[in-house]
Amino acid sequence: MKSAVPRALRNARRSIPRASPTKSLSSSSLSSLRLGNNRLTNTATFLSPHRNFSVTTRRLQDFDEDKDRKWSTPLAKQLAAAIELTGPIPLASFMRMCLTSDIGGYYTGAIEKDRDQFGLKGDFVTSPEISQVFGELIGVWFLTEWLAQGRQSTGVELIEVGPGRGTLMDDMLRTIQSFPVMANSIDAIYMVEASPELRLAQKNLLCGEDAPMTESKVGYHSVCKYSALPIVWTETIKSIPIDSEKMPFIVAHEFFDALPIHAFELVSVPASKSSPPSSTDNSSPSTQTATPTLEWREMMVSPTPPGSTHESLNTPSTQSRETPPPDFQLTRSTTSTRHSLYLPDSSPRFRALKSTVGAGALLEACPDASLYASDFAARIGGSPQHPKSKPSGAALILDYGPGDGTIPTNSLRGISKHRRVSPFAEPGLTDLSVDVDFAGIAESATRASEGVEVHGPIAQGNFLELMGIKERAGVLAKKAKQQKGEEAGEKVERAWKRLVDRGPGGMGKVYQALAILPENDGRRRPVGFGGDVVQ
Ligand code: SAH
């Protein structure tokens, strides 16, 4: 592996933040988060798709009377007004609004202009921001795939979803430049980014502050400072054309944990009450039986009672009480919803919960994660809509979540200024993050394309060590020591060790890597997942 690490990489150049927790905090806070503000409230919520006018009018009056309530953010006020009209909303709708809505979403403009999400002054720190070695090794990983798949001389595409400050892509590109034959095979770089501010930060880093950015029907365009490659920014992966001649190399780091989830609980319902989502139930007593049935109920978001405090809401001790009291809370719908009728039925893993766990089973489902995984798979392996005679390319997904196939439950976290906070406090100012269902991603990918296979998930620490992090960081640390002194060298050492730390809550253990590759009957394992470099 050592031989695959490029020699001409430059020295550590970023100051390495140490004191700040990573986006996903320690495992001790994780386990006690389990119920967090996610706990069920006793106020069961009715979802009435057929609400009549008088009910709506009454609710509007209530809202009017409640107009003096001080919501913690403008987005909270908008959400409350919308819920007043429509009834409680699915957790996924709440998350989507909080993270990417253009009326003050976390990634789309809510936080102050002079502050960004990343780093010591922001809310969290991610691996590419901790050490340049992270992005370099990911660049090397794609290089090894390019070598193993026959060194295609044109048509290579680099695609990153959720690129943050652009640091990972910058480190990858710099690394790939050391291998001119691969660098010359790249046609274009695509960046899928919802945030206009981060899009600009990425452009400034990858193209230079003075480089112009133009807009087209597809997205935004500029030219990369490395090899003058075109870079295209889109808001969703669907906007990137699918071409069967291309070899897409796709990377997603801490992207899937920001995708909205639906949460459900399995409840035991007396047979007479088991129902389609209707506010009227005309079944006659003669059709009722005594045997209860199991049905999924969706967790919905509704406002907390006016005048709530952290005390009255029992904000758990793992969450900081320095925020204003949460504006919203989770309640369990008393009837089926559109989503509860099909999402828990969409996977054999979910369906099995009825018999393996029974009433009380919880599950989180992320339709957007399935869409992205299916899209990656179709680009690499082809699909009925986009046939590909020779599968090619690779996707590498690195994120926070269980590596053992467990279905995530109660995983919604709120993060602000390096603290764990209620996910329902200060909507739009609080980052939201959930556990990624890697087994679900694998299932979606293989279902979407017969031309792919999946490797992993494997713990980040194992992946990075197999990729040669120790050797590469050792070279950097030595250089830093020689050029900038002992302390600079030690910083480099501390940074890479943090990325592979397998202690409680350590990044090497709680982050996983998963690869989607062209189908090969499992004959060639990729580097970092137990395979060797193929030249
Ligand atoms: N990969 C980076 C950033 C992680 S933060 C790193 O590791 O440092 C999540 C990133 O995904 C941000 O760039 C955010 O703006 C983007 N993002 C979040 N939700 C998105 C969505 N639904 N569509 C597109 N981009 C999204």
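**Exercise 1.** Which residues of strand 13 (residues 413-416) point one way, which point the other way, and are they buried or exposed?

*Solution.* The model is predicted.
Step 1. In a regular strand, side chains alternate between the two faces of the sheet.
Step 2. Sort the residues by direction: Arg-413 and Ile-415 point one way from strand 13, while Gly-414 and Ser-416 point the other way.
Step 3. Check the accessible area against the cut-off, where buried means under 20% relative accessible area. Arg-413, Gly-414, Ile-415 and Ser-416 are all buried.

**Exercise 2.** Work out the strand order of the sheet that holds strand 13, and state which strands stand at its edges.

*Solution.*
Step 1. Take the pairing with strand 15 (residues 431-433): three bridges join strand 13 to strand 15, and the two run antiparallel. One of the pairs is Gly-414 with Leu-432 in strand 15.
Step 2. Take the pairing with strand 14 (residues 419-421), which is also antiparallel and has three bridges to strand 13. Here Ile-415 has Arg-420 of strand 14 as its bridge partner.
Step 3. Look at the connection. Strand 13 and strand 14 form a hairpin with two residues between the strands, and Lys-417 in this hairpin takes a positive phi near 45 degrees.
Step 4. Put the pairings together: the sheet is open, has three strands and follows the order 14-13-15, with antiparallel pairing. Strand 14 and strand 15 each have a single partner strand and stand at the edges, so one side of each lacks a neighbour in the sheet. Direction ignored, neighbouring strands of this sheet are turned by 40 degrees against each other on average.

**Exercise 3.** Describe the surroundings of strand 17 (residues 511-518).

*Solution.*
Step 1. Find the strands bridged to strand 17. Strand 12 (residues 394-400) is joined to strand 17 by six bridges, running antiparallel. Strand 16 (residues 452-459) is likewise antiparallel to strand 17, with six bridges.
Step 2. Use Ala-515 of strand 17 as a reference point. Leu-396 stands opposite Ala-515, and His-455 also stands opposite Ala-515.
Step 3. Consider burial. Eight of the eight residues of strand 17 are buried, so the strand is largely enclosed by the rest of the structure.

**Exercise 4.** Is Gln-202 buried or exposed, and which residues does Gln-202 contact beyond its neighbours within four places in sequence?

*Solution.*
Step 1. Locate the residue: Gln-202 lies in helix 10 (residues 196-207).
Step 2. Read its accessibility. Gln-202 has a relative accessible area of 0%, so the residue is buried.
Step 3. List the contacts, leaving aside neighbours within four places in sequence: Pro-163, Gly-164, Arg-165, Gly-166, Met-191, Glu-193, Cys-207 and Trp-233.

Technical notes
Residues are numbered from 1 along each chain as its sequence is written. This is a predicted model: local features need pLDDT of at least 70, side-chain atom pairs count only at pLDDT 80 or more; totals for chains, interfaces and linings use all residues. Side-chain values use heavy atoms; hydrogens and water are left out. Helices (H or I, at least four residues) and strands (E, at least two) are DSSP runs, numbered from the N terminus. Buried means under 20% relative accessible area, exposed over 50%, partly exposed in between (1.4 Å probe, protein chains only). Contact means heavy atoms within 4.5 Å. Two strands pair if DSSP finds at least two bridges between them. Axes are lines fitted to C-alpha atoms, for helices over the stretch in contact, and angles run from 0 to 180 degrees between N-to-C directions.
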